[in-house]
Amino acid sequence: MHRGAFTPGRAFVYAVVCLIAAAYLLPFAVVALNSLRTAEEIAQTSMIGWPQSWAFGNYAIAWDKFCVAQTCSGIQPYMANSALVTIPATIISTLLGAVAGYAVSLWRFPGDRWIYGIITIGIFLPQQMRLLPWTIVLRETALTNTLTGLVLIHTIQGLSFTTLFCRNYYVAIPQELMRAARIDGAGFFRIFWRIVLPLSPPILIVTVIWQFTHIWNEFLYGVTFTTGQQQPVTAALISLTAAVADVPQHGVQSAAVMIAALPTLLVYLFGGRYFVRGLTAGAVK
Amino acid sequence: MSALTIRDVSKKFGATEVLKDINLEIGSGEFTVLVGPSGCGKSTLLNIIAGLERQSAGTIRIADRVVNDVAPKDRDIAMVFQSYALYPSMTVRQNITFGMECRNVPRPQRDEAVARVARLLQIEALLERKPAQLSGGQRQRVAMGRALVRDPLLFLFDEPLSNLDAQLRVEMRMEIKQLHQRLGSTMVYVTHDQIEAMTLATRIAVMRQGVVQQFADPETVYNRPANLFVARFMGAPPMNTLPARLEAAPDGTVAVIGDVRLPVPAEAGRWIGREVVLGIRPECIAESTRHFTDTPGAVITMTAPVEMVEPTGAETIVVLRLGNERVLGRVSPDLRHRPGDTAPFTVDTRKVSLFDPTTGDRVV
Ligand SMILES: Nc1ncnc2c1ncn2[C@@H]1O[C@H](COP(=O)(O)OP(=O)(O)OP(=O)(O)O)[C@@H](O)[C@H]1O
Ligand SMILES: [Mg+2]
């Protein structure tokens, strides 16, 4: 394609692209702007508008003063909950997925296809279908309304994707490499640590980014299996907006939403590049 | 003592039988080459010897120990792969020492071993590089180094030179040969290059569709091929094979091909009056001034039409008609035959082979 040849066709394409981008960005822009406006200003004018005075204080209030239900601690503890769920679940599910993907792609054992099939079928099961089994599991393990319970759910659910990602990446590793290692006397885990894992950073970055954003943004399990102080931030935001008695605190609420979205936004800004690169990278050049 | 014994080994992948009743006995210090067309089961056999693949039936013995149930690492073997299979994230040094690392060999001993192979293969300058920073030939050397750093009972090579360019291949071939002479180790070498097989082997096993066709020293395989397949597979250009009829002649037996009568060995007598396939190497057909031997009656001269001429530099390949069959001859490059000429040729009949036309097996 030639740069600079600005044809009517090109103009049309740009217009459509800009429109779509605007459609995606508008809600975000509204929330971002509202997070900097006072409640009074929003109430007096409209939900959509440019801040007349910059109300940065909204963020401080949202962070540790705002009242959710009867507790006035802002969203800070819920952010901590989310982090305590997301970080371990991301690390564990990525590592387990790497090992599982390595096992099903590079080792032949009876039933390997079946095991891989069963693990990845999880991708296609609707979330609602899994609620009941998880209710039973959490009750049996006494993990209902605990962060550990959520870590367990996200780790197991995440395995479907992490295994798929890693497996598809590892199948490109030549069998002869495995054979050479076996003759050298390396076993399952030594081959994993010394040969396969060092080849893995591109796919591990993809998996970590994917898991982190999904687990952080997840909402259904959060509201279903936790209440009150145990909720992750996505679930807590709902209580926050629902439990407003007097004046609607749109400014502060918007700030809370912004804070809650910040971690995944940062991951996207700093990791997005690696995500795309990792998805297209091969295990061995 | 035999270094490696393969007894009645067969291998099935599902319903397809890839190896059928392989029997090979390889002596200590031998350089055995497994050769055959693509897909004939060479790598599969090598992998079975290594323990990387399990045979469906039969026994493998290494140094008189049955190793059927022994893991690859405990078979005391070293292997070089076609793709070299260097560990991409490790340096050359780590690649070479990985086996020792897995066996918990102490560090001073490892360093000493690396130094020894690096000197032997002249890769001292490459030790801290990663495989991606090496040329094809250098990678090949490192792959060799990884095998040579051990002192195994058996070296296994799976087409180690097939990814190199022609010149490097010839160089490395010589180096491997020297290495074998120097180390005196037992080696099993897979290739589909018959020149590699001829130059390296002390014995060659020619395989086809999972069956060993012939297992003999290079000279025998070349001059007395066990069947038509071996005759045509070994040698470039390949052996001429033409239908002939055996007849009694006053001074022995002759093969009649059109109007040409070639004397054949006396043992062929019981085939008199029957059709055979006669095999004759191109180098046994040359210009009429060539002196093959003084043995009376071993050489005949004939005139034949020339159909095509292929100069290769060192010699010229001519396609000519022998009793109406197309055959290849190898003549001196100084001759300037032209297609359409009729020229005199001399044929050395001492090394003709005769094959049964129905089974393809060697008769004489
Ligand atoms: N894992 C497998 N499953 C099914 N068939 C296989 C498997 N491995 C090899 N084969 C088949 O077995 C036959 C022999 O394969 P092998 O790799 O031993 O051939 P080869 O002689 O080494 O050929 P090449 O010269 O091309 O390397 C081939 O027909 C191949 O398709
Ligand atoms: Mg092969």
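**View 1. The residues around ligand 1.** In this predicted model, ligand 1 sits among residues of chain B: F13(B), V18(B), S38(B), G39(B), C40(B), G41(B), K42(B), S43(B), T44(B), E159(B) and H192(B). Sort that shell by character and you get three nonpolar, six polar and two charged residues. Which element gives the shell its largest share? That would be helix 1 of chain B, residues 42–50, with three residues.

**View 2. Polar neighbours of ligand 1.** Here we look at oxygen atoms of the ligand and what they meet. G39(B) brings a backbone N or O atom to 2.7 Å from an oxygen atom of ligand 1. C40(B) also takes part through its backbone, with an N or O atom 3.2 Å from a ligand oxygen. With S43(B), look at the side chain instead: an N or O atom there is 2.6 Å from an oxygen atom of ligand 1. And how much of the ligand does the protein cover? On its own, ligand 1 has 630 Å² of accessible area, and the protein covers 56% of that.

**View 3. Where chain B meets chain A.** Now for the contact between the two chains, which takes 27 residues from chain B and 17 residues from chain A. Together the chains bury about 2,000 Å², with 57% of it on carbon and sulfur atoms. Three residues to pick out are L52(B), Y87(B) and P88(B): they supply 24% of the area that chain B buries against chain A, more than any other three residues.

**View 4. Salt bridges and polar pairs across the contact.** How many salt bridges link chain B and chain A? The count is three. One of them pairs the side chains of E53(B) and R179(A), with N and O 3.4 Å apart. There are also eight residue pairs in polar contact between the chains, counting pairs with both residues at pLDDT 80 or more. On the chain B side, the elements giving two or more residues are helix 1, strand 6 (77–80), helix 2 (92–102) and helix 4 (136–148). Helix 2 of chain B gives the most, with four residues. By character, this side of chain B splits into 14 nonpolar, six polar and seven charged residues.

**View 5. Two backbone spots in loops of chain B.** Most residues other than glycine have a negative phi, and most peptide bonds are trans. Zoom in on A236(B) and P237(B), and you'll find them joined by a cis peptide bond, with omega about -5°. P237(B) belongs to the loop between helix 8 (228–233) and strand 11 (240–249) of chain B. The other spot is A63(B), a residue other than glycine with a positive phi, near 50°. Where does A63(B) lie? Look in the loop between strand 4 (57–62) and strand 5 (65–66) of chain B.

**View 6. Chain A by itself.** To finish, here is the partner chain. Chain A has 13 helices and zero strands, so to speak a run of α after α from the N terminus on. Along its principal axes, the C-alpha trace of chain A spans about 75 × 65 × 30 Å.

Key. Residues are numbered from 1 along each chain as its sequence is written. Chains are lettered from A and ligands numbered from 1 in the order in which they are written. This is a predicted model: local features need pLDDT of at least 70, side-chain atom pairs count only at pLDDT 80 or more; totals for chains, interfaces and linings use all residues. Side-chain values use heavy atoms; hydrogens and water are left out. A residue is near a molecule or strand if one of its heavy atoms lies within 4 Å of it. A polar contact is a pair of N or O atoms within 3.5 Å; within protein, one must be able to donate a hydrogen and the other to accept it, and residues adjacent in sequence count only if both atoms are side-chain atoms. Accessible areas come from the Shrake-Rupley method with a 1.4 Å probe; for residues, only the protein chains shown count as cover. Ala, Val, Leu, Ile, Met, Phe, Trp, Tyr, Cys and Pro count as nonpolar, Asp, Glu, Lys and Arg as charged, and the others, Gly among them, as polar. Contact means heavy atoms within 4.5 Å. Buried area is the accessible area (1.4 Å probe) that two parts lose on being put together, summed over both. A salt bridge is a side-chain nitrogen of Lys or Arg within 4 Å of a carboxyl oxygen of Asp or Glu.
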